[in-house]
Amino acid sequence: MVGIVAATVGVLLTPLAQKAAVRVGFVDKPNGGHKRHARAVPLGGGLLVLISAITGLLALFPLSLNVYEMIAGDLQAVRGLVVASAILAAVGVVDDARGMRGRHKLLGQIVACLVLASHGFEVRQIELLGWTFDLGVMSIPFTTFWLLGAINAINLLDGLDGMAGTVGLTTAIAITGLALIAGQPLAALIAVAIAGALAAFLQGNWPPARFFLGDTGSMLIGCWLGALTILACLKAPALLAIAPATALLTVPIIDAAAAVMRRRLTGRSMYMTDRGHLHHCLLYALGDHRAVLVATALACGATGASAIHSVYAKNDVIAIAGSALTVLALICLRLFGFAELQLLMGKIAVRIGLGSHASGHHLNAISNCHVAVQLQGHRPWALLWESLIEFADEIDLTMIVLDLNLPAMKEGFHANWIRPSRAEEYERWRTSVPLFVNDMTIGRIDICGERNGFSACESMRRLLELLTPFEHA
């Protein structure tokens, strides 16, 4: 009943909300960069989902006294969720309408998370494989981190028409089933309302989208999913079953984790955009927007089903195995995560190689301290990179790190080459050179070398000649 009412309200209000957004200029305009839709698209889908879900919940009050009893028993949690949603909605609307600095948006998110943590969502203990761990003074930081991670993970995923809505809908359905099995009717009730509201919204957000969630919607969905996983997976007051909770959010978690790993391992800013997110990789592999959404729904459904089965069977191994197998399938099929795994293994190999050299073992510098990964696209960056390595050996360079990031061209490449050196630090020269195409920065190259008959300026001049093809490739 709750889901049906929420969906009905959403369907009825969608055309009105679209017209109102256009009338007040609340639209997302293409900019030729990462916003590549053909025309301005109305924003405000997040507010519509919020209104639809609340209406669906309120519709039950006149019909059932059980709802009153349910809400009365968890009044603090309901109040916290309402206040946190209001804070995130306000932050999101300002960000969508005028833009907001990242740190200001983060501050608003933290305030919303602290509100939830102080209104019944605080996790004081976690349970895993039969072991219980008391968080003590880390309970508030852990809860805040969990909620903040969920908010931003969904926000990062929201880069393709229907993506955040599909993840939110599939996960909300899974939370409903899990909450009913776990005896958490309030979580199930709210999840059903959210699922109904998102199902209605998706009919206007399915590719090609006619209505956008905006940051308002993606942050709200992340907040709700993060909070409901806590509520649905409580085995006792403030005791969280961490395995099924993590399984429910595996897909957004691995996307966010891969983004952090990719940027850390390549030395990029954490705020730099790229084309390495789950939806980008699936689109590159599958070639169709709708196929990407179906594949994402299947992945979320698989991890959600493992979480439900885990709670039903009272066995954390099922949830862990379900999440692990889903991630492993994505990596082995090279749909997502394979490039990040290559980067990680390459970095480990380089460190092991350098460690062997420091211990006095023989080391082939090129084979043991060399990693090159095509992050996105198919241009032959590796061929140009090999020419750099050959040159590096000629003039006794000890390090080259090349990072290329061209989101508009759907291309990305990262490589590093390190040759162990016994020269003292003061005997080496270093430089970092940005690479450009027209006025756009496409990457950088970091170089370190030894004096060996060539001046540093002469070595750099010769190297820069080799870099010209990268700016014209």
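Two strands count as paired when DSSP finds at least two bridges between them. Keep that in mind for the first stop. The model on your screen is a predicted one.

**Stop 1: strand β9 and its partners**

Select residues 411-418, which make up strand β9. Of its 8 residues, 7 are buried, so the strand is largely enclosed by the rest of the structure.

Now add residues 370-376, strand β7. β7 and β9 run antiparallel and are joined by 6 bridges. Click His370 and look across to β9: Trp417 stands opposite.

Next, add strand β8, residues 397-406. β8 also pairs with β9 in the antiparallel sense, over 8 bridges. Which residue of β9 stands opposite Ile400? Trp417 does.

Follow the chain through the hairpin of β8 and β9. There are 4 residues between the strands, and Lys410 takes a positive phi near 60°.

In general, strands of a sheet pair through backbone hydrogen bonds, either parallel or antiparallel.

**Stop 2: Met440**

Select Met440, in strand β11 (residues 440-450). Is Met440 buried, partly exposed or exposed? It counts as partly exposed, because its relative accessibility is 39%. Then pick Leu406, which is 34 residues away from Met440 along the chain. Their C-alpha atoms are separated by 9.2 Å.

**Stop 3: an open sheet**

Show β4, β3, β6 and β5 together. These 4 strands form an open sheet in the order β4-β3-β6-β5, with mixed pairing. Which strands stand at the edges? They are β4 (131-134) and β5 (234-236). Each has a single partner strand, so one side of each is left without a neighbour in the sheet. On average, neighbouring strands here are turned by 30° against each other, direction ignored.

Zoom in on β5 and strand β6 (residues 239-241). They pair in the antiparallel sense over 2 bridges. Leu234 stands opposite Leu240 in β6.

**Stop 4: helix α5**

Select residues 102-121, helix α5. Its buried residues include Lys105, Gly108, Gln109, Ala112 and Cys113. Further along, Val115, Leu116, Ala117, His119 and Phe121 are buried too. What covers them? Among the covering elements are α4 (75-98), α6 (139-157) and α9 (214-232).

**Stop 5: aromatic pairs**

The structure holds 2 aromatic pairs. For the one in α6, select Phe142 and Trp146. Their rings are stacked, at 6.5 Å centre to centre and 25° between the planes. The two residues are 4 apart in helix α6, so about one helical turn separates them. Trp146 counts as buried because its relative accessibility is 12%, and the cut-off for buried is under 20%.

Move on to Phe201 and Phe211. This pair is tilted, with 6.0 Å centre to centre and 50° between the planes. Phe201 sits in helix α8 (residues 185-205), while Phe211 lies in the loop between α8 and α9. They are 10 residues apart. Both Phe201 and Phe211 are buried.

**Stop 6: Gln18**

Stay with Phe211 and find Gln18, which touches it. Gln18 belongs to helix α1 (residues 2-23). Is Gln18 buried or exposed? It is buried, with a relative accessible area of 17%. Leaving out residues up to four places away in sequence, Gln18 touches Pro42, Arg210 and Phe211. Select Gln18 with these contacts to end the tour.

Notes. Residues numbered from 1 in each chain as written. Predicted model: local features only at pLDDT ≥ 70, side-chain atom pairs only at ≥ 80, totals over all residues. Heavy atoms only, no water. Buried < 20%, exposed > 50% of the residue type's maximum accessible area, 1.4 Å probe, protein only. Contact = heavy atoms within 4.5 Å. Phe/Tyr/Trp six-rings, centres within 6.5 Å; stacked < 30°, edge-to-face > 60°. Axes fitted to C-alpha atoms, helices over the stretch in contact; angles between N-to-C directions.
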